[in-house]
Amino acid sequence: MNYTEIFVFVIYLVGMIGIGIWFFIKDKNGGEKTYFLGGREMGPWVTGLSAGASDMSAWVLMGLPASVYALGLGQMWIGVGLLIGYTLSWLFEAPRLRSFSIVAKDSITVPQFLTNRFLSDSRLLQVICAVVFLIAYTIYAASSIKACGTLFNTVIGMDATMAMYLAAVIIVSYTFLGGFSAVCWTDFFQGLIMLGALLVAPLFASTFINPETTASIPVNFWNPYADWRDIVSGMAWGLGYFGMPHIIIRFMSLGRQKDMGKSAAIGICWTTLILLFAVLVGVIGRMFLGFDETISKNSLVFIAMVRQIFPALISGILLSAVLAASMSTADSQLLAAASSFASDVYKPLVRNDKASDKEMLWAGRFVVLAISLTALYLAANPNAGSIMALVSNAWGVFGAAFGPAILLSLFWRRFTFLGAVAAIVVGAVVDIAWFTFLSSTGIYELLPGFVASLLAGIVGALMSPAPSDKVMALYDKAIKFED
């Protein structure tokens with residue numbers, strides 16, 4: 001147990017809770033829109049960095065490097081696919097989504113937007129979205145909590161289960177208190193920590209590489225084209241961005257449309273560096289550490305590298321990046337799920353649209369708590385799977401279910417409410433079915449799920465009546481929107 005590293009962790013965790021308390025006090029008179037969307041007042045730097053940090057959870061510091069470390073450069077296609085998808089989502093999806101969400105009755109959640117886009121009085125779409133949110137986000141949050149448990153167990157010898165409880169308490173505390181503003185600002189600072197750690201660790205480790213260790217690496221490790229399925233599945237990861245609610249909600253929160261380009265540039269540059277150096281951690285980690293089954297199984301490449309090279313104070317700061325990655329994603333996921341349940345299920349169905357702002361805030365906070373407890377139970381289960389596996393499952397469901405529906409709603413004037421329902425249901429079902437029965441093909445389930453969802457959305461829209469003149473007018477107004 002290294003007390004210097006523990007001291008650094010404590011300072012870091014206290015700082016995150018402090019941000020939550022600050023925004024709890026600052027926004028105590030704010031309403032539903034303030035808690036769940038920051039009042040649409042986020043600046044370009046916070047929006048750009050928090051969008052990236054909310055995506056790059058512990059898998060980018062632990063899961064992805066471990067995959068490259070164990071399997072070789074064929075795993076780099078995950079990073080390539082993610083970078084392409086992230087760039088396209090900022091350039092094409094983000095500007096329209098912000099405009100459409102404002103014009104469509106000032107929607108503050110993705111399910112609200114999809115319903116209001118068609119001026120529908122039906123709650124069906126919102127309920128379906130909320131169910132998918134609760135299931136997928138519970139799995140996703142479990143991966144972040146599991147990463148924190150692994151970190152504390154490895155670094156300070158703390159029981160992994162107890163460490164998961166501690167991480168869950170910290171994450172819930174500042175999300176519970178501060179809402180969207182606290183989540184975005186903590187993600188902003190955590191994004192800077194993650195970037196610094198990923199830049200420093202592999203560069204220093206490269207100066208300690210053992211030539212004998214490098215010589216023992218199998219030839220196929222260096223071949224990025226060894227398996228075509230790695231390329232196809234890796235590139236398919238990029239499709240997930242178009243339907244990832246906790247990421248695209250950042251697009252909706254930006255204060256001014258004219259800041260979209262600046263936010264996009266910040267977010268894309270940050271993500272490019274993060275993904276590049278995450279792959280380098282895996283490659284250099286294999287050359288520096290050699291292959292170790294324990295390191296591979298527990299996704300410890302980054303942690304082992306940092307602890308072997310740096311003194312305790314520096315390693316504590318760099319390892320805080322793992323906490324940053326875990327928390328910056330878990331908080332965003334919890335808030336997205338809470339906002340969906342509170343605004344899209346509790347308010348319209350349970351309270352018949354009569355809930356006060358204060359009641360909505362507390363409803364959202366209790367959902368945060370409920371999902372955290374369920375995710376904690378899942379993360380503590382020995383059969384839950386690896387960090388990368390949990391992320392992969394949740395990422396696939398979100399991308400397949402929501403990506404095509406959102407893209408069609410933004411870029412096809414003829415798209416309909418029934419088309420959106422069909423796209424979401426078919427995408428989720430095909431993704432889960434492929435994972436359950438056809439994962440042995442080696443093709444990531446997101447790809448067939450996305451394609452099936454896209455086709456279902458088009459067919460469903462064409463088979464249903466054309467949108468009304470009012471819906472067409474809303475689409476045209478959103479296209480021309482300026483603020």
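In the predicted model, helix H5, which spans residues 76-103, packs against helix H11, formed by residues 245-253. The angle between H5 and H11 is about 60 degrees, and their axes lie 8 Å apart. Angles from 35 up to 65 degrees fall outside the parallel and perpendicular classes, and H5 and H11 are therefore oblique to each other. The crossing of these two helices, H5 and H11, is right-handed. On the H5 side, the contact involves Ser89, Trp90, Glu93, Ala94, Leu97, Arg98 and Ser101, which meet Ile248, Phe251 and Met252 of H11.

Helix H5 also contributes to a nonpolar patch on the surface. The patch consists of Ile84, Leu88, Leu91, Phe92, Met235 and Phe411, and the accessible area of these residues together is about 530 Å². With 4 residues, H5 gives the most to this patch. Phe92, a member of the patch, is located in H5.

A second helix pair is formed by H4 (residues 63-71) and H12 (residues 260-289), with an angle of about 40 degrees and axes 8 Å apart. This angle makes H4 oblique to H12. H4 passes H12 in a right-handed crossing. From H4, the residues in contact are Leu64, Pro65, Val68, Tyr69 and Ala70. Their counterparts in H12 are Leu275, Ala278, Val279, Val281, Gly282, Val283, Gly285 and Arg286.

The packing of helix H7 (residues 124-156) against helix H16 (residues 357-380) is described by an angle of about 60 degrees and an axis separation of 8 Å. H7 is accordingly oblique to H16, and the crossing of H7 and H16 is right-handed. In H7, the contact is made by Leu134, Thr138, Ile139, Ala141, Ala142, Ile145 and Lys146. H16 supplies Val367, Ile371, Ser372, Thr374, Ala375, Leu376, Leu378 and Ala379 to this contact.

Regarding handedness, the crossing is right-handed for H5 with H11, for H4 with H12 and for H7 with H16. Regarding orientation, H5 is oblique to H11, H4 is oblique to H12 and H7 is oblique to H16.

Terms used: Residues are numbered from 1 along each chain as its sequence is written. This is a predicted model: local features need pLDDT of at least 70, side-chain atom pairs count only at pLDDT 80 or more; totals for chains, interfaces and linings use all residues. Side-chain values use heavy atoms; hydrogens and water are left out. Patches are made of residues with over 30% relative accessible area and no salt bridge: like charges are joined within 9 Å, nonpolar side chains (Val, Leu, Ile, Met, Phe, Trp, Tyr) within 5 Å. Accessible areas come from the Shrake-Rupley method with a 1.4 Å probe; for residues, only the protein chains shown count as cover. A salt bridge is a side-chain nitrogen of Lys or Arg within 4 Å of a carboxyl oxygen of Asp or Glu. Axes are lines fitted to C-alpha atoms, for helices over the stretch in contact, and angles run from 0 to 180 degrees between N-to-C directions. Angles under 35 degrees count as roughly parallel, over 145 as roughly antiparallel, 65 to 115 as roughly perpendicular and the rest as oblique. A crossing is left-handed if the near helix is turned anticlockwise from the far one by less than a right angle, and right-handed if clockwise. Contact means heavy atoms within 4.5 Å.
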